[in-house]
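Work through the following exercises with the sequence and the structure side by side. Try each task on your own before you read the solution that comes after it.

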Amino acid sequence: MIIRKVAIGNSEEAFIEDSFSQGLNILLSDDNNKGKTIIIQSILYALGNKPIFPNSFNYKDFVYYLEFEHNSKKYTLVRSGDEYVLKYSDKIGIFEGMSEFKRFWYKNIFQLPVIPFHEEKRIVDMELFVQLFFVGQDGKDTSNIFNSGFYHKEDFKNMLLSFCGDFSSEISNKEKKKLEGKIKELKARREENLKLTDFYKRVAVAPEYLSKIKDKEAFSKRVEEMDVITESMTTIKKKRNRLAVEKSLWSGTLKELNSLNRNIKVGELRCMDCNSTHIAYKGTAESKYSFDISTPVMRNQIIESINEKIAGYTEEIEKLNFDIEKQQKELYSLMDNEDITIESIVAYKKGYMCVSDIEKAIEEIDREIEQYEGILKDGEKVSNEANEERKKFFTRFMTLMNEKKKQIDVESENVYEDIFTKRGTVVSGSEETVFYVSKLLTSVEMTGHECPIIMDSFRAEDLSTDKEKHVLELFGKIQNQCILTTTLKKEEVGKYDSMKNVNIIDYSSHKANKILNQDYLEEFINLLQNIHIEI
């Protein structure tokens with residue numbers, strides 16, 4: 001994946017950067033606040049990262065444009081708020097939110113990592129994925145991930161594992177608890193039947209006695225299980241209804257586009273000159289751009305994009321229908337397997353005429369217990385094997401990470417023990433830089449990912465000359481594109497000019513705190529118009 005161009009702007013001002021090379025790039029200036037971080041954050045924000053722009057930059061006022069290549073294919077990505085537009089080949093995709101965007105990326109560009117998350121498999125969001133190859137200037141904490149909250153450092157580790165194979169093919173905690181519950185229930189039934197055999201051997205069956213064997217605690221537990229399933233079904237049905245409504249709205253939009261009628265539920269047709277509802281398609285009300293559909297080609301692209309969106313909703317609804325049906329079967333199973341009542345005692349007396357009948361039932365229970373215990377044992381075996389593979393992976397990872405650290409900081413005797421430092425351990429300055437560089441380089445080698453390495457303020461202001469030289473040598477050896485930023489001291493100006501295979505992008509001439517201006521506005525508007533976007 002190669003970054004070719006990034007642009008930021010609105011209808012009043014803009015800036016465009018298209019000087020990136022395929023190899024090692026250093027974006028520098030002779031002072032702070034010249035726009036380096038704005039460019040870096042614009043790349044990441046366009047890709048779906050959480051906004052972490054400088055406080056002085058009101059990122060919500062702008063549209064973000066990114067051109068990149070992957071496997072010799074060119075992609076153009078535009079983001080405004082939570083809306084994404086992606087142009088590739090002769091197609092255009094329109095996505096409202098991260099979920100739509102990441103699913104499309106997973107299916108059509110390259111597969112994003114899939115990790116276990118809250119007992120389910122989840123395609124990682126971009127806010128976690130970009131941390132595989134990006135280190136920002138602010139918010140660094142070597143003991144945790146950036147923007148921890150929704151995701152945590154264990155999710156980052158699982159993301160690394162996802163790149164290198166399926167290390168999660170184990171029995172989940174949810175499945176384990178369910179199996180253990182079934183085994184416990186069967187053993188309780190077995191114990192009850194054993195007591196009944198003793199009772200049959202001693203006295204005739206008395207209804208007054210049998211009516212007392214109902215297990216109130218088990219009955220209460222079963223009711224709670226039914227409530228949990230019912231609540232889960234309600235949640236799934238609400239989600240299905242919401243998707244059905246959105247699918248219906250987009251279907252209505254599709255009909256309006258096909259007929260060029262004026263009234264559209266999800267978007268609307270409007271003129272680019274007078275803003276009347278005639279010849280332009282606009283997304284949601286908060287969208288900062290619209291699409292020219294005066295030509296059949298563009299109109300067909302929009303229609304195709306909406307068809308894909310509708311197909312995605314259909315697929316999600318089918319999955320939810322399956323989940324609802326599965327929950328219903330579990331509910332019916334619980335309802336069918338009621339605790340012992342007077343009615344069940346009558347049925348019991350009719351079914352078990354002697355002790356041997358009860359003993360046969362106990363044998364059947366024993367077979368079920370053996371079956372579930374076998375499943376549990378096999379699952380734990382797979383789990384143990386997966387854990388061993390995880391340990392091997394991170395042992396290799398830390399060995400390599402320490403090798404990288406030693407190549408950068410020859411004199412250091414410290415040894416990294418984990419990809420995150422212990423909580424409360426302060427790592428700052430050049431040590432912090434060496435830590436992050438070592439982890440970025442190791443991640444590339446261990447996972448083989450092809451994303452660009454992006455590091456804002458890579459020298460941490462006090463990285464020694466020797467260490468910096470080693471860092472640049474290591475970055476220069478990898479196949480990935482590298483984009484680094486730094487601020488030079490006056491005596492350092494020109495220090496990279498003699499370095500081979502290093503592309504220097506100098507922002508020293510920029511006005512402080514004002515990277516956007518009208519000089520780039522016309523070109524920026526043209527870039528958007530090339531994919532039929534108007535702002």
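**Exercise 1. Decide which residues of helix α1 are buried, and find where the helix packs.**

Solution. Begin with the burial of each residue, bearing in mind that this is a predicted model and that buried means under 20% relative accessible area. By that cut-off, K36, T37, I38, I39, I40, Q41, S42, I43, L44, Y45 and A46 are buried in α1. Counting them gives 11 of 11 residues, and the helix is accordingly described as mostly covered.

Next, look just beyond the helix, where G48 follows α1 and has a positive phi, near 110°.

Finally, look for what touches the helix, beginning with an open sheet of 5 strands whose order is β10-β14-β15-β3-β16 and whose pairing is parallel. The edges of this sheet are β10 (134–135) and β16 (502–506), and each has a single partner strand, so one side of each is left without a neighbour in the sheet. Against this sheet packs α1, which touches β3 (24–29), β10, β14 and β15 (482–487), and its direction makes about 155° with that of β15.

**Exercise 2. Describe how β10 is joined to β14, and name the helix that lies across both.**

Solution. First identify the pairing: β10 and β14, the latter being residues 453–455, run parallel and are linked by 2 bridges. Then pick out one residue pair, in which V135 stands opposite M455 of β14. The helix that lies across β10 and β14 is α11 (residues 429–447), and it runs at about 170° to β14. A residue of this helix range can also be followed to a ring, since K439 lies over the face of F156, at 5.4 Å from the ring centre.

**Exercise 3. Give the strand order of the antiparallel sheet of 6 strands, and say which helices pack on it.**

Solution. Start with the order, which is β2-β1-β4-β5-β6-β7 in an open sheet with antiparallel pairing. The ends of this order are the edge strands β2 (14–17) and β7 (91–96), each of which pairs on one side only. Neighbouring strands of the sheet are turned against each other by 15° on average, direction ignored.

Now consider the helices. Helix α1 (residues 36–46) packs on this sheet, where it touches β1 (2–9), β2, β4 (63–70), β5 (73–80) and β6, and its direction makes about 105° with that of β1. Helix α2 (residues 98–108) packs on the sheet as well, touching β4, β5, β6 and β7, with a direction at about 145° to that of β7.

**Exercise 4. Follow β5 through its two pairings, and explain why it is called largely enclosed.**

Solution. Take the pairing with β4 first, which is antiparallel and extends over 7 bridges. Within it, Y64 has R79 of β5 as its bridge partner, and R79 also lies over the face of Y45, at 3.7 Å from the ring centre. The hairpin of β4 and β5 has 2 residues between the strands, and its N71 takes a positive phi near 50°.

The pairing with β6 comes next, and here 6 bridges join the antiparallel strands. In this pairing T76 stands opposite K87 of β6. Between β5 and β6 there is a hairpin with 2 residues between the strands, and G81 in its turn has a positive phi of about 65°.

For the last step, count the buried residues: 6 of the 8 residues of β5 are buried, so the strand is largely enclosed by the rest of the structure.

**Exercise 5. Classify the ring pair of F95 and F104, and place both residues in their surroundings.**

Solution. Two values are needed, because a pair of aromatic rings is described by the distance of the centres and the angle of the planes. A search of the whole structure finds 28 aromatic pairs. For F95 and F104 the centres are 4.8 Å apart and the planes stand at 45°, so the pair is tilted. Both F95 and F104 are buried. They also belong to one aromatic cluster, whose members include F68, Y75, Y84, Y88, F101 and W105.

Terms used
Residues are numbered from 1 along each chain as its sequence is written. This is a predicted model: local features need pLDDT of at least 70, side-chain atom pairs count only at pLDDT 80 or more; totals for chains, interfaces and linings use all residues. Side-chain values use heavy atoms; hydrogens and water are left out. Two strands pair if DSSP finds at least two bridges between them. Helices (H or I, at least four residues) and strands (E, at least two) are DSSP runs, numbered from the N terminus. Axes are lines fitted to C-alpha atoms, for helices over the stretch in contact, and angles run from 0 to 180 degrees between N-to-C directions. Contact means heavy atoms within 4.5 Å. Rings of Phe, Tyr and Trp (its six-membered ring) pair if their centres lie within 6.5 Å; planes under 30 degrees apart count as stacked, over 60 as edge-to-face and the rest as tilted. Buried means under 20% relative accessible area, exposed over 50%, partly exposed in between (1.4 Å probe, protein chains only). A charge sits over a ring if NZ of Lys or CZ of Arg is within 6 Å of the ring centre and within 35 degrees of the ring normal.
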